[in-house]
Amino acid sequence: MERRTDGRVPRDRLLDRLDRPAALRAIVGLPGTGKTALVAQWLALNSADVTWIDDAVGLPGVIAAAGESVLVVDRGDDLPEPDAVAAALARAPHVRLVVCGRRPLPLVTAAQRAGLEVTQLTGPQLLATPDEFAAAWGERGTAAVHEHTRGWLLPARLMIDAPTAEDGRRAAADYVRAVVLDGLPSAVRGAAFRLALADPITPVHLRAAGVGDEVAGELRALAADCQWPAVGSRPTRPGGVDHPAFGVTRDGGGGGAGAGGGDEAAGELRALAAGCQWPAVGSRPTRPGRVDHPAFGGEGAVWSLPPVLRDALVAELAAAEPEQPAAWHRRYARALLDAGAPGPAARHARSAADWPLLARVWNAAGLTLLTEQSDDLVAAFGGLTARVPHDVPDLRLPAAAARILTSHPPGVRTLQALASAFRAGGEQLLRAEEMTPGRPSDRQLQLLSIGIVADRLDGRYERAAAGAARLERELTGRDGDVWPMHRAWALHQSAQALLLGGNAQRAVAAGTQAYAAAHDVAAHPVTAHIAADLALLHAAAGATVDARYWLDVYERHTAPARWLEYLVRLPAHLAAAFVATDRLDGDAARAHLERAEDDTGQAELWPFAVAARTQYALSFGDPLLALADAERSAATNSAPAGGLAARIVDRCRAELLLALGELNRVDTLLRAAGPDAGWTAVPLARFHLLRGEPDRAGHTAGAAAWAPEATPRDRIELLLIEAAAAEALGSPGTADHSFGRAAALAARTGALRSFTLLPDGVRDVLAKRSGIALDPAVLSARPAYPARAELVTLTERQRSVLRALTRHEDAAAISYALVMAPSLVEEELRSLYAVLGATGRDAALLRARRLGLLPDG
C-alpha cells in the first residue's frame with residue numbers, strides 16, 4: 001500500500017464498495033469515522049454532477065427534477081418521508097443518492113422494499129485497519145493508537161498530532177465525551193458509566209451492576225453497527241450527566257431498574273459498544289487468569305468497551321460523581337472474590353484504593369495469585385507507596401512479591417528472592433501474631449511455611465526441619481478451619497524441608513498429607529507439584545510402582561502455572577527418568593532428562609538431577625562424563641557438609657568410580673565418609689566384591705540389607721551383592737536364597753535394571769539355577785559394573801617417594817630430600833613404577849593422581 005505523506009488514511013477498500021452500482025449509498029457511523037471525507041474522496045474520482053443537500057425537506061421533488069447526477073445528504077438522520085424518497089429514486093434511475101447518518105436509516109429499509117439496489121457502509125467497515133494507520137502515519141506508535149481507538153479516525157488523529165501520549169489520550173477522550181456521550185439516552189449512559197470501569201466486562205460485573213441474564217445475552221450478542229441506538233431520547237442537559245441514571249447512591253449502592261438501566265438501556269449500550277468494531281464476543285485475546293475463568297461463564301462470556309470510550313466515560317463519571325468509580329470498583333472486587341476470580345478482584349480493589357479489601361483478597365487467595373495469576377498480583381500489589389504496607393501489614397508480603405516479580409526474571413533466583421523478601425517482611429508480622437492468644441491465623445501459617453522455604457533455600461536444613469515440626473504441631477486438629485490450599489502448601493513445604501534435611505520417611509508422610517489436603521482441587525499447580533515431588537521421592541528410592549502411581553496423579557492435576565510451571569515440571573521429569581532407567585527404557589529416560597535440562601536451575605533439586613543422570617550413565621551413558629557432570633554440579637551449587645546434597649553426590653561419585661574400576665578413589669571417598677555414613681553400605685559392599693573379597697562383601701551386604709533406612713533400590717542391590725558373594729564362596733544355597741529375594745523385590749517394583757548390576761556370567765548362573773526367566777531387555781543390556789577391579793596399594797616408603805616425586809625431577813634430588821641412599825631410592829622408584837604400571841616419572845604421577853593417590857592440582 002502506498003504511503004500517504006499528507007496523513008490521510010487510505011480506504012480504497014471502501015471506495016471500491018461505493019463504486020458498485022446502486023441507487024442508494026448509505027454511510028452510517030459515529031462522528032469522527034470519516035463519512036463526509038470518504039464521500040468527498042469518492043466524488044473526486046467520479047466525473048458526474050454532484051449536488052450537496054443541506055435541507056432534506058422536499059427531497060422527493062429534488063430527485064424528480066434532477067438530471068443525471070449524484071445527490072449527497074450529509075446529515076440524513078432525520079430524513080423525512082423515507083418511502084416517498086425511495087419511490088422517487090425508483091422513478092429516476094439516472095439519479096444516485098448518497099446519505100450519511102449517525103443512526104440506522106429508515107430510508108435503507110424503504111429502498112429495499114422498493115426493490116432498489118443499496119450499498120451500505122456501517123461502523124465496522126468505516127473503522128481503519130492497522131495497515132491503513134501505518135500507511136497514513138508510519139508504523140511507529142500507530143499500533144498502540146489503533147489498539148486504543150480500534151480504528152476510530154478522528155480520535156486517532158488527535159492522538160497522533162498530540163505532543164505526548166498522555167495529551168493524545170486526553171484529547172481523544174474529550175472528543176468522545178463531546179460528540180458521543182451527549183448523544184446517548186440517560187439510561188444507556190448510566191449503564192455505560194458503570195461498565196466502563198470493567199475491562200473486560202464479565203457476567204460477574206453485569207450481575208453486580210444489576211443486569212439480568214436476558215440483558216447479558218443481548219450484550220454478548222453485540223450489534224454490528226458503529227452508530228447511535230435508533231431508539232431513546234437525548235439527555236435533557238446536553239453534555240451533562242443525569243445522576244439518577246447512575247442507579248447508585250453516594251456509598252455505591254443501588255440496583256433494580258435504576259442500577260441496570262433496563263433491557264432497553266442495555267440493548268442500546270450493546271448497539272453502541274459492539275458496533276464500532278469494538279470487538280465482538282471472544283474476539284479479544286484473553287489474558288491468563290483474568291478472562292477465561294469459570295466464574296465468568298467461559299471464554300465467550302466476556303466483552304469490552306474500546307479504551308478511548310472507557311477513558312471518556314470514566315473521566316465524565318469522575319467529574320460528576322468523584323466517589324462513584326471507587327464505589328463501583330469496590331463492589332466489583334467483592335463480587336469477583338466471591339465468584340472465585342481473585343485476579344480481577346485484586347485489580348478492582350487496587351483501583352478503589354481500598355487497602356483492607358486488597359489485603360482480604362490476598363489472605364483469601366494469595367497462593368492462587370502467586371502461582372497462577374502473577375500478572376494480576378503485580379498489577380494489584382506493585383508500586384504501593386511505603387505508607388500503605390506500613391498501615392496495612394497484610395499487604396507487606398504481596399507487595400514484596402510484586403516487587404521481586406517485577407525486578408527479577410522467572411526462575412530459581414526469583415523464588416529465592418521471594419522467600420528472602422517474605423521472611424524479611426514477615427518476621428515482624430510473625431512475632432506480632434505469636435503474641436496473639438489462641439490458635440494461629442491463616443496468615444501465621446503462611447509466614448511459618450514461608451520461613452521454611454527461606455531457610456531451605458539458604459541451606460539451613462536443620463532450622464527448616466525444626467520449622468516443619470512446629471508447623472505440624474500448629475496444624476494438628478485444624479482440619480476444618482484452615483483454607484485447604486493453605487494447609488496443603490504448608491505441608492508441602494514441610495515435606496521438602498524434611499527431604500532435604502535427610503528424613504525421607506517423614507518427607508513422604510508430610511507430602512502424602514499435603515496431597516490429601518489438596519486433592520479435591522482439580523488442575524491446581526500446588527496439587528500437581530505435590531504429586532510430582534512424591535513421584536520423585538519414590539522414584540529416587542527405587543519404589544518404581546509407587547512412583548508411577550504419583551506420576552499418573554501428576555498428569556491428572558498438571559496445569560500451566562506461569563513462572564512456577566518449571567518447578568512443577570522438573571520433579572516429574574526426573575521421576576520419570578528414574579522410572580524409565582529402572583525399566584531399561586534408555587530412550588524414554590534420555591528424553592525426560594533432556595526435558596529436565598532447562599529446569600535444573602532450581603537449586604534444591606540439582607542433587608536429584610545428578611542422581612538421575614548417574615543412574616542413566618551406569619546403564620546407557622558414559623560414567624566418565626557423568627562423573628565430570630557431578631563434580632561440576634557440586635562445584636556450582638551449595639552442598640553443606642553432611643547434608644542430603646553432599647550425601648547424594650558422594651554416592652553418585654562412588655557408583656561412577658566403581659563402574660570405571662577406580663577402586664583407589666572409591667577407597668579414599670569411603671574412608672573420608674567414615675563408617676557411620678549410611679549411604680556407604682552399597683558402595684562398600686560392591687567395593688569388596690569387585691576387589692575379590694567376597695567374604696567382606698557378603699558380610700557388609702547382609703548386615704545392611706534389612707536395615708529400616710534401606711531404600712527398595714538399595715535393598716535389591718545389597719541382596720544381589722550378597723548372592724554374588726555367596727556364589728564366589730561356594731555357598732549356592734545362600735546365593736539362591738538371596739538372589740530369589742532380590743528378584744521378588746525387583747518384580748514388585750518393576751526394576752529390570754537391578755539384574756544388570758552383576759556381571760552377566762554370575763547373574764545368568766544364579767537366574768538359571770533359581771528358575772527365574774530374565775526379561776530380554778536384561779539379556780541385551782550391558783552390565784553396570786565390571787566383574788573385577790584392582791586396588792593399588794603402596795607401602796609407606798613408596799608413598800614417601802611418590803610425594804617427593806611431585807617436587808623433584810630425579811633420584812638424586814629425592815635422595816637428598818628424604819635423606820635416603822641413592823640406591824634405595826632407585827629401588828623404590830622401580831617398584832613404584834611397577835605397581836603403577838608406568839615407565840617414567842610423568843606417567844607415574846599421572847596414574848597416581850588418577851587413582852587418587854595424590855591430591856588434585
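## Backbone features in loops

Arg150 is found in the loop that runs between α8 (142-149) and α9 (153-161). In this predicted model, Arg150 has a positive phi of about 60 degrees, although the residue is not a glycine. Its relative accessibility is 8%, so Arg150 counts as buried.

A second non-glycine residue with a positive phi is Ala353, whose value is near 55 degrees. Ala353 belongs to the loop between α18 (342-352) and α19 (355-372). With a relative accessibility of 41%, Ala353 counts as partly exposed. A further loop, between α11 (186-195) and α12 (203-208), contains Pro200. The peptide bond joining Asp199 and Pro200 is cis, with omega at about 0 degrees.

## Strands β1 and β5

Strand β1 (residues 24-28) pairs with β5 in the parallel sense, and four bridges connect the two. Within this pairing, Thr119 of β5 is the bridge partner of Arg25.

In a regular strand, side chains alternate between the two faces of the sheet. Strand β5 (residues 118-121) shows such an alternation. Thr119 and Leu121 point to one face and are buried, while Val118 and Gln120 point to the other face and are not buried. The bridge partner of Arg25, Thr119, is thus one of the buried residues of β5.

## Cysteines

A disulfide is a covalent bond between the sulfur atoms of two cysteines. The structure holds zero disulfides. Among its cysteines, Cys100 has a relative accessibility of 1% and therefore counts as buried. Cys652 is also buried, its relative accessible area being 3%.

## Aromatic pairs and a charge over a ring

Seven aromatic pairs are found in a search of the whole structure. One of them joins Trp328 and Tyr332 in a tilted arrangement, with 5.8 Å centre to centre and 40 degrees between the planes. These two residues are four apart in helix α17 (residues 324-338), so about one helical turn separates them. Both Trp328 and Tyr332 are buried. Tyr616 and Phe620 form another tilted pair, at 5.4 Å centre to centre and with 35 degrees between the planes. Here the two partners fall into separate accessibility classes: Tyr616 is buried at a relative accessible area of 14%, whereas Phe620 is partly exposed at 28%, because the limit for a buried residue is under 20%.

Ring pairs also link Tyr515, Tyr549 and Trp550 into a cluster. An aromatic ring is involved in a contact of another kind at Tyr785: the charged end of Arg686 sits over this ring, 4.1 Å from its centre.

## The largest pocket

Which residues lie nearest the centre of the largest pocket? They are Ala504, Ala541, Glu709, Thr711 and Asp714, which belong to a lining of 41 residues. The volume of this pocket is about 1,300 Å³.

Several helices contribute to the lining. At least two residues each are supplied by α27 (504-518), α28 (525-541), α32 (606-619), α34 (644-659), α36 (681-691), α37 (694-704) and α38 (712-728). The largest share comes from α34, which gives six residues.

## Enclosed cavities

Rolling a probe the size of a water molecule over the atoms shows where empty space is left. Five cavities of 30 Å³ or more are found in a search of the whole structure. The second largest cavity holds about 140 Å³ of space. It is lined by 15 residues, among which Ala495, Gln496, Leu499, Asp533 and Leu537 are the closest to its centre. The elements that give two or more residues to this lining are α26 (484-500), α27 and α28. Of these elements, α27 and α28 also supply at least two residues each to the lining of the largest pocket.

## Gly467 in helix α25

Gly467 is placed in helix α25 (residues 461-475). Its relative accessible area is 21%, so Gly467 is partly exposed. Gly467 and Gln493 are 26 residues apart along the chain, and their C-alpha atoms are separated by 9.8 Å.

Definitions and conventions: Residues are numbered from 1 along each chain as its sequence is written. This is a predicted model: local features need pLDDT of at least 70, side-chain atom pairs count only at pLDDT 80 or more; totals for chains, interfaces and linings use all residues. Side-chain values use heavy atoms; hydrogens and water are left out. Buried means under 20% relative accessible area, exposed over 50%, partly exposed in between (1.4 Å probe, protein chains only). Two strands pair if DSSP finds at least two bridges between them. A disulfide is a pair of cysteine sulfur atoms within 2.5 Å. Rings of Phe, Tyr and Trp (its six-membered ring) pair if their centres lie within 6.5 Å; planes under 30 degrees apart count as stacked, over 60 as edge-to-face and the rest as tilted. A charge sits over a ring if NZ of Lys or CZ of Arg is within 6 Å of the ring centre and within 35 degrees of the ring normal. On a 1 Å grid over the protein atoms alone, a cavity is a set of points where a 1.4 Å probe fits but cannot get out, and a pocket is an open set with protein on both sides within 12 Å along at least five of seven lines; lining residues have an atom within 4 Å of a point. Grid points are joined across faces, edges and corners, and a volume is the space filled by probe spheres set on the points.
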